[in-house]
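Student: I should like to examine one residue of this protein closely and then see how its surroundings compare with other parts of the chain. Please show me the sequence and the model.
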Amino acid sequence: MRVIIVGAGEVGSSIASSLADTHEVVVVDVDGERVDALTYSEDVLAIQGDGTSISTLREAGIEEADMMIASTDDDETNLVACGTAKTVDDPFTIARVKNVDYLETWQHAADRTAFGVDFMVCTNLLTAQDIVRVIGLPAARDVDPFAGGAVQMAEFGVSADSPLADQTVSEADRFDSLTFAAILRNGDVEIPRGGTRIRADDKVVVIGNPESVQEFAREIAPRETPSSNEDLVIIGGSDIGYHVARLLEERGLSPRLIERDADRARELAEKLPNTVVMESDATDAEFLAREHVDEADAVVAALESDEKNLLVSVLAKQLGARRTVAVVETTEYVSLFETVGVDVGVNPREVTAEEITRFTRELHTENVSLIEDDRAEVIEVEVDDDSILVGRPIRESVADLPEGFVVGAITRDDQFVVPRGDTVVESGDHVVAFVERDALEAVTEQL
């Protein structure tokens, strides 16, 4: 496809990097330095200009474009860019927005084409959903649903005192409906075998049905098993903080939320009937101690500043909170947060880029999750008669595919099928697989 991306920031650059190998990509940005940097780092055509301008879009080749992705940090710019593109031709348009009001307006349009947008991605809502999934699974660093929720992919960190440390995969694999898909070690991706030994500081990627993934999480982190009376504290009444609280309420939980601004605190208290809203400065260690944040099962830092989120997360951890999850706006800071003791850093731009990337895959790819800074992906594919997997035992078809491919789960007629070497894949099955980046193009062509 010919894809035009408006915005060469972190989201746009990440999407461009993901698409450059298999598509013709043009990136438009008003910032000349960003354009120059992208020209040298990726195999794309980068143009300096205003993505809301018809003349700039014509220069980018909007008449021949199959898709346009508006991914700047400004909601209105993205919406206008999509609308402008539709006045010239009819590419499939994707807009990134932060404000949920725009998403709700778009969803309520009869044909979902409001603003000239064919698909809308809401950064704040996606981030909140990601945080809630992580909170719901003890010790998980990342969680993504597949096959309509029948399959889960989860990434777990392995500490020195974890029951997994120093076990082989065969010793750790005690769950019928769970597959050890990968081990992430020092930035490298390793496809595990039965004799592969799991080490402290590794990250383990597993794929299975939600019950098995939950059991696995419960076994490796029994102290962190969630319950209906879980004490959850959200620090910051930002839009992300509000949606985290709202989604937790929908799950029957009653979180506490700390907001400094009196008017915002009053507004949140009215919107969130099952959330205790406290008006205070959450960077005050004495206040946190007085409110027994040390007893919290999880603390979510959702303030508007990375520095403040780091501060309150470290304070909460020092007081004794079990888990801390922080919103990290700057991608490069995620590893820093986790190095100094924050359990999980969630980057809204990464979450957004992942969601948009999912929409740019081949039509039969149903879902995508990016792993370890795009070094690998977990993909969901509905296979047909032309797939190399169909009609053959998995061990035979995998032998004909590049290394770095693992079948993690199969659903057939909405039923979970445990993938084993002698399992025969049928046409119409949904296959959830782990694929290393280098093997992705070759694998997807044959699936």
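What is the relative accessible area of His292, and is the residue buried, partly exposed or exposed?

Tutor: His292 has a relative accessible area of 43%, so it is partly exposed; buried means under 20%, exposed over 50%, and partly exposed in between, with a 1.4 Å probe and protein chains only. The model is predicted, with local features requiring pLDDT of at least 70 and side-chain atom pairs pLDDT 80 or more, while totals for chains, interfaces and linings use all residues. Residues are numbered from 1 along each chain as its sequence is written, and side-chain values rest on heavy atoms, without hydrogens or water.

His292 sits in the loop between α11 (285–290) and β15. Helices (H or I, at least four residues) and strands (E, at least two) are DSSP runs, numbered from the N terminus. The backbone of His292 has a positive phi of about 55 degrees, although the residue is not a glycine. Most residues other than glycine have a negative phi. Ala147 also has a positive phi, of about 50 degrees, and is likewise not a glycine. Ala147 belongs to the loop between β7 (140–146) and β8. In contrast with His292, which is partly exposed, Ala147 is buried because its relative accessible area is 17%.

Let us follow the chain from each of these loops into the strand named beside it. The loop of His292 is bounded by β15, a strand that spans residues 298–301 and includes Ala298. Ala298 counts as buried because its relative accessibility is 5%. Its contacts (heavy atoms within 4.5 Å), leaving aside neighbours within four places in sequence, are with Asp231, Leu232, Val233 and Arg323. Ala298 and Ile234 are 64 residues apart in sequence, yet their C-alpha atoms are 8.5 Å apart in space.

The loop of Ala147 is bounded by β8, which covers residues 151–157 and contains Glu155. Glu155 counts as buried, since its relative accessibility is 7%. Apart from residues up to four places away in sequence, Glu155 touches Ala139, Ala140, Arg141, Asp142, Leu184, Lys203, Val204 and Val205. Asp142 is also a contact of Asp130, together with Val143, Asp144, Val346 and Val351, again leaving aside neighbours within four places in sequence. Asp130 is part of helix α6 and counts as buried, because its relative accessibility is 9%. Along the chain, Asp130 and Val328 are 198 residues apart, and 13 Å separates their C-alpha atoms.

Helix α6 leads to the interior. A nonpolar core is a set of buried Ala, Val, Leu, Ile, Met, Phe, Trp, Tyr and Cys residues joined through side-chain atoms within 4.5 Å. The largest such core has 73 residues, and Met68 and Ile131 have the most contacts inside it. Helix α6 (residues 123–135) contributes the largest share of this core, 7 residues. Another core, of 23 residues, lies apart from it and includes Val158, Ile183, Val213 and Phe216. Beyond its neighbours within four places in sequence, Met68 is in contact with Ile4, Val6, Leu57, Ile62, Ala81, Cys82, Ala85, Pro91, Phe92, Thr93 and Ile94.

Thr352 offers a further buried position, in helix α14 (residues 348–359). Thr352 counts as buried because its relative accessibility is 0%. Leaving aside neighbours within four places in sequence, Thr352 is in contact with Val11, Arg96, Val121, Thr123 and Leu126.

Two helices show how buried and exposed positions are arranged around an axis. In helix α10 (residues 262–271), Arg264, Ala265 and Leu268 are the buried residues. Viewed down the axis of α10, they fall within an arc of 100 degrees, and therefore line one face of the helix; the arc is that of the directions from the helix axis to the C-beta atoms. These buried residues pack against α9 (239–250), β13 (256–259) and β14 (276–279), whereas the face turned away from them carries the exposed residues Asp263 and Glu270.

In helix α2 (residues 32–41), the buried residues are Gly32, Val35 and Leu38. They cover an arc of only 130 degrees around the axis, which puts them on the same side of α2. Their packing partners are α1 (10–19), β2 (24–29) and β3 (45–48), while Glu33 and Tyr40 are exposed on the other side of the helix.
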